[in-house]
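This report describes a single chain, working from individual residues to the overall fold and its packing. Please consult the sequence and structure shown here alongside the text.

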Amino acid sequence: MNHTARANLERLPLPTDDELVLCVVGGGQDGAALAEAFVQAALPTHATGVLLTGPFMPAEVQKRLYAWAKHNPKLQIIDYIEEPTLLIERASRLIAMGGYNTTCEILSFHKPALIVPRVTPRLEQWIRAEHLQQRGLVDILHPEAISAEALSHWLQQPTTPQSHPTINLNGLDNLLLELQKQLRRAPMLLPQVS
């Protein structure tokens, strides 16, 4: 982490004595339903909610979100942060869409998380989230079930520290090992001489 990113995070008015509940919606272009449900959800006692809208959240949605946040001193909205990983590291629990990078960051920090994956135009996020839920690493909510009540219910549940993942998060190392295995198994192809 570079020092500038950490200094920028420290300038944000984040709680020092409350837990931090973080909601991230990727770039924000298709995260309106989740963002709007989050700002209306009931936060746990002694928790502050932070919504990271992303740089592509539509302006009319941002306007509604800020209007709701004005009436809730325990809620903050951040449009953009250079290094969102720092917020994920700081959070007590997360609600997030199921993008690959966000999901990997949640797993790497062993955070209790509710994943609300996209199901269109592809099922990639849903399939990944469902497999992680089956391993007990995250909770999931189908995007058709997004509501302030559903998020409130999940937020009010006691958290249990996430055990270390039973999956290996070293993708590049895994790829190199698999490639080496495949190369050892493959017959040597020699150029034919005519």
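## R128 and helix 6

In this predicted model, R128 has its place in helix 6. R128 has a relative accessible area of 19%, and because the cut-off for a buried residue is under 20%, R128 counts as buried. Leaving aside neighbours within four places in sequence, the contacts of R128 are with G98, G99, Y100 and T103.

R128 also takes part in a salt bridge with E124, in which the closest N and O atoms are 2.8 Å apart. Both residues belong to helix 6, which covers residues 124–134, and their spacing of 4 residues corresponds to about one turn of the helix. The partner E124, with a relative accessible area of 42%, is partly exposed, whereas R128 is buried.

## Overall architecture

The chain contains 8 helices and 6 strands. Read from the N terminus, the elements follow the order α-β-α-β-α-β-α-β-α-β-α-β-α-α.

Of the 194 residues in the chain, 41% are buried, and the accessible surface amounts to about 11700 Å², with 56% of this area belonging to carbon and sulfur atoms. When contacts between residues at least 6 apart in sequence are considered, 71% of them join residues that are at least 24 apart.

## Nonpolar cores

In soluble globular proteins, nonpolar side chains tend to be buried together. The largest nonpolar core in this chain has 26 residues, and the members that touch the most other members are L34, F38, L51, L65, I95 and L151. At least two residues of this core are supplied by each of strand 1 (19–24), helix 2 (32–40), strand 2 (47–52), helix 3 (59–70), strand 3 (75–78) and helix 7 (148–156). Helix 2 provides the largest share, with 5 residues.

L151 illustrates how this packing is arranged around one residue: not counting residues up to four places away in sequence, L151 touches L34, A37, F38, A41, I95, L114 and L141. Apart from this core there is a second, separate one of 23 residues, whose members include L52, L94, I106 and A113.

## L75 in strand 3

L75 lies in strand 3 and, at 7% relative accessibility, counts as buried. With neighbours within four places in sequence left aside, L75 is in contact with F38, V39, G49 and A69. The C-alpha atoms of L75 and L43 are separated by 8.9 Å, although these two residues are 32 residues apart along the chain.

## Salt bridges

Side chains of opposite charge can pair when their charged atoms come close. The structure holds 5 salt bridges, among them the pairing of K74 with D18, for which the distance from N to O is 2.1 Å. K74 is in the loop between helix 3 and strand 3, while D18 is in the loop between helix 1 (3–11) and strand 1, so this salt bridge ties together parts that are 56 residues apart in sequence. K74 counts as partly exposed at 33% relative accessibility, whereas D18, at 13%, counts as buried.

Another of the salt bridges joins E178 to K181, with the closest N and O atoms 3.4 Å apart. These residues are 3 residues apart in helix 8 (residues 171–185), and so they are separated by about one helical turn. E178 is partly exposed at 34% relative accessibility, and K181 is also partly exposed, with a relative accessible area of 37%.

## The largest pocket

Rolling a probe the size of a water molecule over the atoms shows where empty space is left. The largest pocket encloses about 280 Å³ of space. It is lined by 14 residues, and those closest to its centre are G26, L52, P84, T102 and E105.

Helix 4 (84–90) and helix 5 (100–108) are the elements that give two or more residues to this lining, and helix 5 contributes the largest share, 4 residues. L52 appears in two of these descriptions, as a member of the second core and as one of the residues closest to the centre of the largest pocket.

Definitions and conventions:
Residues are numbered from 1 along each chain as its sequence is written. This is a predicted model: local features need pLDDT of at least 70, side-chain atom pairs count only at pLDDT 80 or more; totals for chains, interfaces and linings use all residues. Side-chain values use heavy atoms; hydrogens and water are left out. Buried means under 20% relative accessible area, exposed over 50%, partly exposed in between (1.4 Å probe, protein chains only). Contact means heavy atoms within 4.5 Å. Accessible areas come from the Shrake-Rupley method with a 1.4 Å probe; for residues, only the protein chains shown count as cover. A nonpolar core is a set of buried Ala, Val, Leu, Ile, Met, Phe, Trp, Tyr and Cys residues joined through side-chain atoms within 4.5 Å. A salt bridge is a side-chain nitrogen of Lys or Arg within 4 Å of a carboxyl oxygen of Asp or Glu. On a 1 Å grid over the protein atoms alone, a cavity is a set of points where a 1.4 Å probe fits but cannot get out, and a pocket is an open set with protein on both sides within 12 Å along at least five of seven lines; lining residues have an atom within 4 Å of a point. Grid points are joined across faces, edges and corners, and a volume is the space filled by probe spheres set on the points.
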